[in-house]
Structures are given as structure tokens and as C-alpha cells.
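Ready for a quick tour of a protein model? Have a look at the structure first, then we'll pick out some spots worth knowing.

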Amino acid sequence: MLTDENAPYVSQIVRRLDGIPLAIELAAARMTVFGVEQIAARLDNRFRLLTGGSRTALPRQQTLRALIDWSYDLLDEEERALLRRLSVFKGGWTFDAAEYVGSELDVYTLLPQLINKSLVVVAESPTDAWGETETDAEPRYTYLETIRQYARDRLFETAEVEESRDRHFDYYDELTSNLDYGSGTAAQLLSRGHLILERDNLQSAVEWGLERYPDRVLDLCWNMVTFLADQNPGGEGIQWVEMGLEQLERRTPANDAEAVRWRRAWLKGKVTHGLLAMFLGELSEASQVIKQVVDPLRAGEGDQIWLASALFVQAQCGYFLEDPRTGDYVAETKEAVGKLKEDIPIKKPILALALLVEALFENRQSGVVKQELLDEATAIISQTGNEYYLPWIEYIQMSLWRSTQMDPDVIIARLAPSLERLRRNRSYRVAEMLESDYAHILRERGRLEEAAEIYRRTIQQWQKLGHRAAVANQLECLAFIYRIWHQPELSVKLLGAAEQLREATGQPMLASERTLYDAELAALKEGLDPTSFAQLWAEGRTLSTDAAVKLAIAPLAEIET
């Protein structure tokens, strides 16, 4: 019987079985043994689960596998080979990718044949990991999940597994090596957006490569560092890099040449780790990671671009962590950038970003906004023809406006073109930085309803990006608003959850945030008895991030009831 409790599992079963009537019938037959929740949990191994069926049915209809066996047996050997090899893809593939993995097979002929036989599906407007439809993407091809599992099982029955997975890894290694974040060509801007469609394939490639080619995995992550920070949901790029470094550190190189190659991969991996941690707001970790490699890089190990990148991480982290040596880090970054060859496209963007840190640092030191630094950074980026970095400059400009009494409506009007560019280029992280800072300005000016509306939206985006420090900060900002709205119990729970999240990330509150936080905390303690406060705080600390975000964004009417 369908109930409110089991309906979500029934829906999941039908969806994951691709709506295939026989598969659904076989799943229903299993309900004499399993509940719907257990069946849903076992669908990753559906061909073992869905056996049996009516004794009076034709043999090919008695199990799901037998049904697909019948179709598979009708294929010629080359069609079978391509069907098997394409099972290495997750989340679909392009024609170029199919050709690469198909290797010597005639994919031009074979892929249309598999489509005509309903074994491959064409997705002309695919949906990416953010739920957005890519209307201008090239056609993508995919399997129904049931067919993919069947083809994968067939692949593992052959000697083709390692070669097919290797070619899959090679394809994405080559694809990401062509990303060029310093270039302003339309093709590169397009490729950054469309790379989101390859998220599942990238994860699969990394998983395969970690045990076999950890140095190449680290290369792949270096090539994708901006994509991983700005567009890839989940923030797992840091884990990929950490696992690659761990694999390298536990191995013994076979010879001197391999030792040199692995040392270079380790240095590059550490810089990548530092960049990702910095971009995702885990500044203390980023700073500690970079300290491990900056001296060897200064001494000439590795490439100059790694040194310039590492020094930029030091400068950026130094500013936010209020390191008095930040000015020195900025100067050294600019010097290192000056030594880069002119044909390195990322040279100018790094210089421009260093100038932005310098502008922030000078403003903190003197209270003066050095507009000439922002103008110079803008001119440098404009020379590249790459609009991707212009919003960074506008974000810094807005940060400096926070110390003025500029009308927030004027600020958002000036930033509207920047937000439009960010959405178009799919730079989610910088877009959320802009919107979050705008919400801070609204909150500071007493426009709490507008600020809360933005926070409720941006905190969900930060969570998707895996930016835990930003999630903690926005839990705190919403807690400050809820206190003013006479919801002290909710405020305390959110602050408890934020504290636990900050501890998990190892990212303490920035000094610039501490004064307001202490004042808000003192006000909350005045309004609640110590026992209630401690109980609510402890309850907040037990909340998962999902639960804390859900609580923070729920309408107050729901929370009150």
C-alpha cells in the first residue's frame, strides 16, 4: 500500500529503474522479502536484486538481465564492444569522448546504431550538477542507468576494463590540460561552463587515477583549480588533492627520474591544495599548507608559476588573518609574477589579484582607498580580454565601499552588470561573495528583511560549493538578525551550529568579525537564563550542516510552531 512514509522510496525506485515496466514488476515481487526502503538501497546492484518473476513468462522476461541479454545478443561484436566501453562514463558523454574511449572502433557508425536500437539516449539540452539546462551545449549521450549497469557488468567480464578506464582517465586529463583561465576567448569561457556537465566523469577519472597515477591526478586538479573552487558542487577537490598527495607520500620511487617527477607533482599538489583551501575560505589551512612549500619554491624547485601562486595565497590569507607581513607577501608576489614569461596567460590575472590585496591592505593600514590600484588591476584584466576576473575587482571595490555611507541601492545598481557576468560565466563562488557582502551592507544599515532574504539564498549556494567557512559566517549573520527579531532561542542554536562548523574546518573567526560577534553573544546571554542558553547552544552544536541550514532558512512561522 502506498503511504506518505513510503511514497518517496517508491518514487525513487521507479525513477532509478528508468520506468522499465518489467524492472518495476520485479521490484514489486521483491516486497515479499524486502521493504521499499531496502529495495531502494539495493538498486546499485539491481541485476542480483531483480531476479525471478512469473514462471509462465518467456525465459527472456523472467529476469531483468535476461531481458537485456536478449537485446545484447542481437548486436554484432563491434556494437557490443562499444556498448561495453561506454559504460565507463558517468553522467553522459560527448561524441569526442566516445571516439577517444572507443579507440579503434568506428564510432561514427556504431554510436548511431546503438541510438537507433534504444540502448543509447541523446540528451540535446542536458542538465548540469547545479540543475541548470545547458541549451547551447553540444549533444550529449547517455545510458539509462539500468543499461549502464548491464554494460558495466559485461565490461568486467572481459579483459577491456583497464584499457577502457585508462582511456577515460586520459581523455579528461587531456581535456582539462587545455583549460586556460588566463585566456579571454569565447571558447574558453564556454568550456568552463560546460565542464560542469562532466562532474561525474571527472570524479570517476580521479577515483581510477588515485591508485595508479596520483601524480597525474594532481596535475589534473591543478589544471582545474579555478573550476573546482568556483563551479564544482561539494568542494571535494580538496579531498582529491589530499588523497593524491597521500598516495605519493606513501610510495617509494623506482628510480631517480621518478623521484624527481613525484617531487614536482608533490610541490604542485601542495600549491593546488593551498589555492583550493583559500578559495573555499579555509584560510588557516591554506596558510599552513603553503608554508610547507614556499621555501623550496623560492629556492628554485618547481615552476615559477607555482611560486607566484603560492605567494599570492600567502598574501591573500595574510590580509584576512591580519598578518603584519602581508605587505611583504604582496611585494614578493608581484616580483615573482614579473619573472614569469609573457606567454603565460595567467600572469596578468595573478598580478591584478595581487594589486587587489594590496588595495585592501593599504586601506586597512591608512584608511585611504587607493583607487589607482583598482584602476591598474582593471586595466591589466582589460588587456587580457577576459571578463572573468573583472567581478573580483568590483567585489574588492564593494568591500571598500562598506566603510563609506554610500546608498546600498547605488551599490547594487553598480554591481548589477558584474553579477550578470558572473552568472553567465558560471562563477558561482565570486557571485556569492558579491551577494553576501551586499547583504552585510544591508544588515549594517538596518535593512534586515532584505539582508535575510539574500542570506537565505546564498547560504544554500555556499553549502553546495562546500564553502563551510561561509556557511558558518552566514549562520552567524542570520542569528544576529533573528535576535533583533526576538527569536533568541533560534539565534543561540544557529551560533552553536556555526561554532561546531568552524571547529570542524579549523577556520577561526576573522578578527574583523569578532567584535560584532562578541556584542551579539553578550546581548543573547542577557536575555536568556544560563541553563537555557547552555542547553540551546549544545543542541545547536549537535546539528548537521544540512539541519542547521534548513533551520536557518525556514520561515519564522514554521520555527515558532
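Let's start with aspartate 170: its relative accessible area is 23%, so it counts as partly exposed. Keep in mind that this is a predicted model. From this one residue we'll step out to its partner, then to other charged pairs, a helix, some backbone angles and the chain as a whole.

**Aspartate 170 and its surroundings**

- Aspartate 170 sits in helix α10, which runs over residues 161–177.
- Which residues does aspartate 170 touch, once you leave aside its neighbours within four places in sequence? It is in contact with Tyr100 and Arg216.
- Glycine 209 is 39 residues away from aspartate 170 in sequence, and their C-alpha atoms are 9.5 Å apart in space.
- The side chains of aspartate 170 and arginine 216 are joined by a polar contact of 2.8 Å.

**The pair it forms with arginine 216**

- That pair also counts as a salt bridge: the side chains of arginine 216 and aspartate 170 meet with 2.8 Å from N to O.
- The two partners come from distant parts of the chain, with arginine 216 in helix α13 (residues 214–223) and aspartate 170 in helix α10, 46 residues apart.
- Is arginine 216 buried, exposed or something in between? Its relative accessible area is 25%, so arginine 216 is partly exposed.

**More salt bridges**

- How many salt bridges does a search of the whole structure find? The search turns up 36.
- One of them brings together the side chains of arginine 140 and glutamate 198, at 2.7 Å from N to O.
- This pair, too, links distant parts of the chain: arginine 140 belongs to strand β2 (residues 140–142), while glutamate 198 is in the loop between α11 (186–194) and α12 (199–212), 58 residues apart.
- Arginine 140 and glutamate 198 are both buried.
- Lysine 493 makes a salt bridge with glutamate 539, and their closest N and O atoms are 3.2 Å apart.
- Lysine 493 is in helix α28 (residues 488–505) and glutamate 539 is in helix α30 (residues 530–541), so this pair ties together parts that are 46 residues apart in sequence.
- With a relative accessible area of 21%, lysine 493 is partly exposed; glutamate 539 is partly exposed as well, at 36%.
- Glu77, Arg80, Arg84 and Glu160 are joined into one network by salt bridges that share partners.

**Helix α26 up close**

- Helix α26 covers residues 448–465, which makes 18 residues.
- From its first C-alpha to its last, α26 reaches 25 Å, close to the 26 Å expected at 1.5 Å a residue.
- An α-helix has 3.6 residues a turn, so residues three or four places apart point the same way.
- Which residues of α26 are buried? Among them are Leu448, Ala451, Ala452, Tyr455, Ile459, Trp462 and Leu465.
- What covers the buried residues of α26? The cover includes α14 (225–230), α25 (428–444), α27 (468–484) and α31 (545–553).
- Right after α26 comes glycine 466, with a positive phi near 80°.

**Backbone angles to look at**

- Most residues other than glycine have a negative phi, and most peptide bonds are trans.
- Serine 103 isn't a glycine, yet its phi is positive, at about 55°.
- You'll find serine 103 in the loop between α7 (95–102) and α8 (107–116), and its relative accessible area of 29% makes it partly exposed.
- Histidine 486 isn't a glycine either, and it has a positive phi of about 65°.
- Histidine 486 lies in the loop between α27 and α28, and it is exposed, with a relative accessible area of 68%.

**The whole chain**

- Zooming out, the protein chain has 32 helices and 2 strands.
- The protein chain has 561 residues, and 52% of them count as buried.
- Take the contacts with a separation of 6 or more: residues 24 or more positions apart account for 69% of these.
- About 25000 Å² of the protein chain is exposed, and carbon and sulfur atoms supply 50% of that area.

How values were computed. Residues numbered from 1 in each chain as written. Predicted model: local features only at pLDDT ≥ 70, side-chain atom pairs only at ≥ 80, totals over all residues. Heavy atoms only, no water. Helix = DSSP H or I, 4+ residues; strand = E, 2+ residues; numbered from the N terminus. Expected span 1.5 Å × (residues − 1). Buried < 20%, exposed > 50% of the residue type's maximum accessible area, 1.4 Å probe, protein only. Contact = heavy atoms within 4.5 Å. Areas by Shrake-Rupley, 256 points an atom, 1.4 Å probe, with all protein chains shown as cover. Polar contact = N/O pair within 3.5 Å; in protein donor to acceptor, adjacent residues only side chain to side chain. Salt bridge = Lys/Arg side-chain N within 4 Å of Asp/Glu carboxyl O.
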